Amino acid sequence: MEETQSASYVLVIMKNLNLVIILYIATLITYSLSGYIQESSALDFLENIYSMPIVAWKIPILSIGLYCSCMLLLYIQNKSSWGLFLKVCVELAISFCISYVIGFSYIGIVLLVLADTVRYFPKSEWKWKFFLVIFICMLYLLIDYNLLLLYFKITPLETYLEYFQSDVRSILLGIKNMLNSLNMLIFIVYIILLMHIQLSEKERILSLNEELNTLNEELRQANIQLEKYAKEAEQASKNKERNRLAMEIHDALGHALTGIITGIEACATLMDIAPEATKEQLKAIAEVARQGMTDVRRSIKALRPDALEKMDLDKALIQMIDEMRCATNAEILYQCKTELNCFNEEEENTIYRIIQEAITNSIRHGKAKQIQIDIDRKYNMLEVCIRDNGIGCINIQEGFGLYHMEERLKRLQGSLKYYGEKGFVVEAQVPIRLGYGGNNND
Amino acid sequence: MNYIKNKKNTLISILCIFLLIFIWVIYTNVYKQLPMFRDKTITIGVFSDSYWEVQNGYSYRILEDAIAIFEKEHPKIQVEYVSGILKKDYSEWLVEQLLSDNAPDIFFILAEDFNDIAEIGALKDLTPLIAEDNTFQKNRFYSSAYQCGQYHGIQYSLPYECAPKLMFVNQTILNNEELSISNEDWTWQEFYNICQKATKDTNGDGVIDQFGTVGYTWEEAFDSNGIKLFNQEGTKCYLTDDNIEPALIFIEQLEKLNEGYNISSNDFDLGNVVFQPMLFSEYRAYKPYPLSIKKYSSFEWDCIPMPAGPSGENISTLNTLLIAMNANTRNTEYAWDFMKVLTCNTQIQSEIFEYSEGVSVLKEVTESDKTLQSLMGSSENNLNLQILSDAVENAVIAPRFRNYDEAIAEVNRAVHSIIEENTNISMGQIIWNRTINKKLNYK
């Protein structure tokens, strides 16, 4: 940044120097031209010139005016390629005019234009920029008094300076040449600075690149870690699923199998003593097995609540309740006061299962004839209440079903309450996560 | 941000364009077309004394008459001139005015300055004006005089008055020696014969006191032997031309007749020389002027064309006073009209014969009876106007290029060196030709 600053300072110095040089030459020409006229030696001058010189007083005005317009153009920022090209062309044309006014004795302004132009190059994508540089350089080389004399009738500075005595002339020309060389030196310094800036820019890019590579490597490592976590998570979810399966199997089969085993052992004892009683017992066992079979079917069904996969929670619930009604002849009332589309898959599953389990319990254990289901929302909690008019249960023994319900709710930071005094009541609370689904019924 | 930047760029561009327009206006003098700078005046650059170096007391007479005629035609236009500039200061004055952009709209231009001033482009190219103007007929002018106004083939000026070079003959000597010139188409041979016979010692003191010719130089010999010394651009010298050797030999022979005596034009004035080439203006200057009558009172004299060389004609050079227009004039139209009054108006042109010593550049004026009368006025000599008219019409036009005078000086050195060194003439020609060509191309 500091180098860019100093490069622009150098450019400013160059601009001022050019102004000084042009002013110097214009003054010399004006002075000697008026000198010729005042000293009545215009005829001598006439013999040495090839064209009408510009009137003395106009030379400083024209050259400085042209220089100012050139500086204004240099001030214009232009990044588009053709805009830049046009700008450079106009600047060069003006430089040429300035040179023309001062007898092609100074052409350093072209260097100034070049210095100003290359400043755009690092940022420019333009293909032709080097041709532009070559073009400017060619112009710089070709604007030479002796060469141009073939095409332009111009009066050289030397002819004007013949007005002065030879020693004064040498000093004046010497100063001009010195200023010209100074301008070139400053140009070289400027270019070196620009190159330096360019180089350090490259270095900076290189170090940034390295940093990027390091970060990239870190990212790759993190990615590998993440894949490992994902595998672990998958394993964990498999385990969870296995647990769940175990729970289901226990729920559905454990009880029946226990009954069957106990019954069959009793039968084995009874068979010889009381074959009739054994028969009765076997019937009962068959009944238990059948019941177990039904439970297994139910469990399998419960494992895959495809209703939920096909439709949303609300409809799935209504369908499930309808099916229950048909299968059991029980009266099931369902009332939902809120919308249920703001839950994720797990939450939906949980709600569905709780209601299903509760209905099954009511019918199976409570022999209920009427079941009422209410779903409502209270602040950020979804409240599900299932009550029946069945036999209830004074001393509730938490079986796998209720335990399972509680487990599922706990995972969702929800809670479960149940009462068995008057029928059986299950109250479940499921938190509604804010920002999920974005529904607000309040 | 971008919008502000664009706005800034546009503002700068507009400012820049205004600045450039301002510069253009200053450079091209367009601002002088503005009403406040315009005026209804045309200015004339003129010198007070005669172009022919004669004080005649009529310095601005013709110009004043021309102004009167012009202002009658254009009542709203004023014509002004700066009076009191002498001919010797005029060139310097004119160049100073040109350099400081104050030059008059129209100015007289001396023959020796014409090339330099035309070269730097200070003169207006008259070709378009001539082409557009139906009333301007260039064939009214003597073609030679008209051509004198050209530089590199472009008409930069119009002739105002001219004077051809003629041969003055001392009739008294011719009669005394019983010599005569056959006719106007006389040749070098005749010229040499007369000179040879006339060159003698008349009072018997052993010293030659009567001579054939004075002032007849290689220039006259070259002109009358059809020699073209330079090309039009002044880049080549033709000193090796075949016609040059006879001319050089002729000059050498003429000089030998004098046996080393150095004669001056004073000898002619005293009546001791038969021939002297002179401008017609000199003839006229001497003639009506009281002093000059006395000057030539001792002998009868006449003027005839130059003798013709073996490959040439009876012709010589023409000296012309030109009028040119400033390239930067703001009143081109009126300036052109005034130029026409000065050069094409018969009344003004015939005044040349009354108030100046030159010859009118219009054929009709020079050949008119009125002119004859005004020329004959006080003289008993017979002047054949046809000789005068032919001399002007057929005059040699020197090529127009810069440093012409220096080139002529160089040739002069060459001629003298070749004649004096008495070596092989053609070898001298080749050597000098190379030297002069080198100098011509160096410029």
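Q: In chain A, what share of the contacts with a separation of 6 or more comes from residues 24 or more positions apart?
A: This is a predicted model, in which local features need a pLDDT (the predictor's confidence in each residue, from 0 to 100) of at least 70 and side-chain atom pairs count only at pLDDT 80 or more, while totals for chains, interfaces and linings use all residues. Residues are numbered from 1 along each chain as its sequence is written, with chains lettered from A and ligands numbered from 1 in the order in which they are written. Two residues are in contact if their C-beta atoms, placed from the backbone, lie within 7 Å. For chain A, the share is 74%.

Q: How much of chain A counts as buried?
A: A residue is buried with 20 or more other C-beta atoms within 10 Å of its own, exposed with 12 or fewer and partly exposed in between, the C-beta atoms being placed from the backbone. Chain A has 442 residues. The buried part of chain A is 27%.

Q: Which strands form the edges of the open sheet in chain A?
A: Strands (E, at least two residues) and helices (H or I, at least four) are DSSP runs numbered from the N terminus, and two strands pair if DSSP finds at least two bridges between them. The five strands here follow the order β1-β2-β3-β5-β4, with mixed pairing. Two of them pair on one side only. These edge strands are β1 (331-336) and β4 (415-419) of chain A.

Q: What is the bridge partner of A:Lys417 in β5(A)?
A: Let's follow the hairpin that β4(A) and β5(A) form, with five residues between them and a positive phi of about 65 degrees at A:Gly423 in the turn. The two strands pair in the antiparallel sense over five bridges, and A:Ser415 stands opposite A:Gln429. The partner of A:Lys417 is A:Glu427.

Q: Which side chains of β5(A) point to one face and are buried?
A: In a regular strand the side chains alternate between the two faces of the sheet. Along β5(A), A:Val425, A:Glu427, A:Gln429 and A:Pro431 point to one face and are not buried. Pointing to the other face, and buried, are A:Val426, A:Ala428 and A:Val430.

Q: Which residue of β5(A) stands opposite A:Val384?
A: β3(A) and β5(A) run antiparallel and are joined by seven bridges. The residue opposite A:Val384 is A:Ala428.

Q: At about what angle to β3(A) does helix α13 of chain A run?
A: Axes are lines fitted to C-alpha atoms, for helices over the stretch in contact, and angles run from 0 to 180 degrees between N-to-C directions. Helix α13 (residues 345-364) lies across β1, β2 (370-378), β3 (381-388) and β5 of chain A. Its angle to β3(A) is about 15 degrees.

Q: Which helix gives the largest share of the side of chain B that touches chain A?
A: The contact takes 24 residues from chain B and 26 residues from chain A. α1 (2-28), α3 (87-99) and α4 (111-119) of chain B each supply at least two residues of that side of chain B. The largest share, twelve residues, comes from α1(B).

Q: Where in chain B is confidence lowest?
A: Chain B averages a pLDDT of 84, and 93% of the residues score at least 70. The highest confidence belongs to strand β3 (residues 106-109) of chain B, at 93. The lowest, at a mean of 46, is in helix α13 (residues 290-295) of chain B.
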